[in-house]
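Could you walk me through this model in the viewer? I would like to know what to select next and what is there.

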Amino acid sequence: MYIWYIMTKRIILLLLITIHTVLLYAQREKGPVQYVRPNIGSAHSRYFFYTPAAVPFGMAKLAPSTNGSNGNAGGWEAVGYDDRHRSIEGFANFHEFQIGGVVFAPTVGQLKTFPGKEGERNSGYRSSFDKADEYATAGYYRVWLKDYKIKAELTATQRVGFHQYTFPETDSANVIFDIGHKMGESGPVLDAKVTYDDRHVWGYVVTKPVYVQKYQEAANVTMYFYAELDKSPVSYGTFKDSIAHHGLKSIQGKGAGIYLRFKTKKGEQIGIKTGLSYTSVENAKLNLMKEASTLTFAKAKAAAIQNWNNSLGRIAVEGGLEQDRIKFYTGLFHALLGRGLANDVNGAYPKNDGTTGQIALLKNGSPMHNHYNTDAIWGAFWNLTQLWAIAYPEYYNDWVQSQLLVYKDAGWLGDGIANSKYVSGVGTNFTGLAIAAAYNVGIRDYDVASAYAAVRKNELEGKDRIPGAGKLDVGVFVKNGYSPYVKDLSGNPELNTEGSPFGASHTLEYSFSAYAAAQFAKALGKTADDQQLSKLSEGWKLLYDPATKFIRPKDNQGKFLDKFNPLESWRGFQEGNAWQYTFYVPHVPEQLVSLVGKEIFSNRLDSIFTVSQKNLFGGGKHIDAFAGIEGLYNHGNQPNLHVSWLFHYAGRPDLSQKWVRAICNEFYGTDGIHGYGYGQDEDQGQLGAWYVLSAMGLFDVKGLTAPEPSFLIGAPLFKTVRIKLPKEIRKNDFLIEADQQQPDHQYVQRGTLNGQPLKGLTIKFNELNKGGILNLVLSNQPK
């Protein structure tokens with residue numbers, strides 16, 4: 001009887017939770033945002049991954065923090081928000097690669113001025129919460145803070161964060177502005193200052209991110225804010241760490257913050273608008289005035305959601321499974337979150353040397369283009385840049401111009417930049433390839449001569465190369481045609497110049513980017529450069545071992561390393577091994593297939609996926625960013641993301657169709673833990689963008705770098721996919737129709753483009769760009 005009673009209680013509780021969840025998601029607005037689930041994959045996610053209260057490519061990225069105050073010793077580990085956690089320490093306004101801070105926290109009762117520890121009840125100013133009381137979508141976040149009975153809501157414009165806190169009846173409602181403590185990936189705080197006066201709070205925090213320390217030891221990252229409250233406090237004060245000073249209005253130093261205390265009626269709301277900037281408090285205030293002076297929270301929320309619907313709606317999918325639409329639009333949401341604005345509304349931007357630069361203005365006073373913070377572009381040519389070219393070409397153009405600002409200011413392209421400081425995550429630099437690909441697909445509204453000079457320098461020059469520019473061993477690559485394996489004894493392998501402990505993977509990468517630059521040179525009539533770069537693009541052949549049919553590291557004497565184990569990672573290969581990297585010849589996969597042999601190539605690759613499927617195509621259920629790097633295939637990391645499409649080059653597109661569909665179904669999930677593998681490393685939307693491309697049935701192994709860029713064609717997951725851009729950007733829509741589309745129909749039987757039969761499973765980029773109709777007939781059997 002007791003067991004029956006317990007089971008009945010559990011069933012009722014489960015039903016109540018299910019009903020609550022259904023009601024919660026029934027509130028979702030119409031349009032593509034109804035399918036966005038920001039919490040997917042947010043267990044063990046990067047700091048900038050979970051920022052629901054933001055707009056596409058925005059500066060203001062608001063989110064709850066569950067453990068962001070822990071800091072980030074290595075600069076890249078999972079920190080910030082974890083779906084498995086059950087307490088929130090506050091709401092941070094800045095979320096970017098190597099950038100984070102300016103935390104607001106509402107509380108009730110005793111004043112606490114430090115965040116406390118996740119999992120420790122009544123620890124600091126944090127509060128517990130239930131997942132059933134949390135709601136997140138694209139542009140809006142809401143949660144019930146149980147310990148204080150406060151409803152917290154967040155939304156944003158491009159440069160302004162909106163907080164709205166609904167309090168219970170109390171004479172001790174607090175809003176804490178925690179400015180001087182570490183947050184996310186920003187590293188230690190060097191200084192902070194915060195001031196209150198007449199319903200306004202403003203200040204700054206100076207931080208020292210790990211990757212800035214590595215590449216520009218003397219540089220810092222500073223964040224500024226200017227906040228406006230809609231209610232006056234009854235009292236106020238400052239604090240530094242746990243020491244409070246009642247009645248003071250300003251304080252400076254590490255650990256600095258302001259607290260405001262209010263008397264509230266039940267259900268009374270306190271709203272905060274926060275202008276953000278990377279250049280000054282004055283520009284933070286200007287951003288606030290220009291973007292949000294007349295906006296209420298409700299209007300800002302509605303505008304943010306409409307912004308997302310417009311951006312996500314550029315790729316409209318219909319039919320297919322609902323769970324696939326959820327994966328699709330959540331992946332697209334993540335792809336549009338990263339690489340956010342770094343300049344102010346007046347065109348001011350942070351320069352590499354710490355001063356403020358100025359972007360030229362249009363007649364209406366707005367900047368001619370924008371500047372962006374950005375994680376490294378490592379691997380993004382197999383997801384983000386293709387997606388930008390297809391649906392967001394104006395952003396791609398802006399991104400190029402942004403990169404050229406850094407080149408102009410500091411003399412070198414930067415693979416990753418935080419406030420224009422160099423923060424190359426892996427120590428390479430694919431920015432040149434991405435710029436060359438943009439030119440290659442007709443995205444050219446920038447100074448082409450400067451762009452080419454930057455790309456050429458990135459690929460060919462090693463002398464006086466600064467650490468932040470990455471690929472410090474490019475000089476020896478240009479000299480020898482390959483980068484030799486050199487054991488690292490410094491603890492900073494990215495800074496080696498005579499080779500690298502990752503020499504084999506660097507050789508493959510530099511060969512690919514040299515190929516891209518060669519096409520740029522050829523298009524501009526730079527014959528000598530074209531010849532040199534084309535020769536360098538063959539460097540991968542020097543490391544191909546015909547005896548083992550693997551890419552194999554060589555030492556500085558030109559000899560293959562002994563004791564070769566193709567499963568061994570980190571010895572010659574960065575974040576991977578020879579099984580994975582042997583397929584890294586994306587610019588000329590036809591030549592790799594020819595060397596290995598078509599049948600051997602297909603059989604080896606097919607067996608790799610057969611084995612890897614048992615491990616969910618990556619690290620299995622082991623929650624770790626590096627899970628899978630010693631496997632045969634690892635979808636959770638960039639070097640592998642083109643491999644499933646390579647069967648096309650061995651005459652077996654059916655096997656690409658089979659395994660791409662399996663990865664979409666099995667690697668990708670729809671919950672907090674199983675989202676992108678199990679806690680694997682989603683670098684600013686790259687894995688999400690891969691899913692978007694593959695679900696559309698389009699992918700380019702060559703990353704849009706070929707002389708006539710084109711996409712391979714796979715089986716879409718939806719009945720229709722419509723690419724529809726504003727008419728001033730692209731005149732005509734491109735429609736993909738899938739006849740006989742079913743969950744188990746992953747094989748393309750035949751197709752037509754604008755009524756004409758396809759001669760092969762490829763479509764030129766220019767044909768997509770012109771608009772038209774691609775009709776595909778699908779089946780559950782290979783052709």
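Before the first stop, one definition: helices here are DSSP runs of H or I with at least four residues, numbered from the N terminus. Keep in mind as well that this is a predicted model.

**Stop 1: two loops with unusual backbones**

Select Asp-464, which sits in the loop between helix 9 (448-460) and helix 10 (474-480). Its phi is positive, about 60 degrees, although Asp-464 is not a glycine. Most residues other than glycine have a negative phi. Is Asp-464 buried or exposed? With 62% relative accessibility, Asp-464 counts as exposed, because the cut-off for that label is over 50%.

Now jump to Leu-616, in the loop between helix 15 (598-613) and helix 16 (653-666). Leu-616 is not a glycine either, yet has a positive phi of about 55 degrees.

**Stop 2: helix 16**

Follow that loop into helix 16 and select its 14 residues. From first C-alpha to last, helix 16 reaches 20 Å, close to the 20 Å expected at 1.5 Å a residue. Ten of the 14 residues are buried, so helix 16 is largely enclosed by the rest of the structure. Try colouring the buried ones, among them Leu-655, Trp-659, Val-660, Arg-661 and Ile-663. What covers them? Show helix 5 (322-335), helix 15, helix 17 (686-696), strand 29 and strand 32 (747-753), which are included in that cover.

**Stop 3: a three-stranded sheet**

Stay with strand 29 and add its partners: three strands form an open, antiparallel sheet in the order 28-29-34. Strand 28 (698-699) and strand 34 (762-764) are the edges, each pairing on one side only. Zoom in on strand 28 and strand 29 (residues 710-713), which two bridges join. Here Leu-698 has Ile-713 in strand 29 as its bridge partner.

**Stop 4: the annotated N-terminal domain**

Next, select residues 35-277, where an unreviewed UniProt entry places the feature "domain: Glycosyl hydrolase family 92 N-terminal". This span is 2% helix and 48% strand, and its end C-alpha atoms lie 31 Å apart.

**Stop 5: strand 10 and its partners**

Finish at strand 10 (residues 170-178), where eight of the nine residues are buried. Show strand 4 (residues 99-108), which runs antiparallel to strand 10 and is joined to it by six bridges. Look for Val-108 opposite Ala-173 in strand 10. Then add strand 17 (residues 256-264), which pairs with strand 10 in the antiparallel sense over seven bridges. For a last pair to label, take Thr-170 and its bridge partner in strand 17, Thr-264.

Technical notes. Residues are numbered from 1 along each chain as its sequence is written. This is a predicted model: local features need pLDDT of at least 70, side-chain atom pairs count only at pLDDT 80 or more; totals for chains, interfaces and linings use all residues. Side-chain values use heavy atoms; hydrogens and water are left out. UniProt positions are given in the numbering used here, feature names are shortened, and annotations may be inferred rather than shown by experiment. Buried means under 20% relative accessible area, exposed over 50%, partly exposed in between (1.4 Å probe, protein chains only). Two strands pair if DSSP finds at least two bridges between them. The expected span of a helix is 1.5 Å times one less than its number of residues. Contact means heavy atoms within 4.5 Å.
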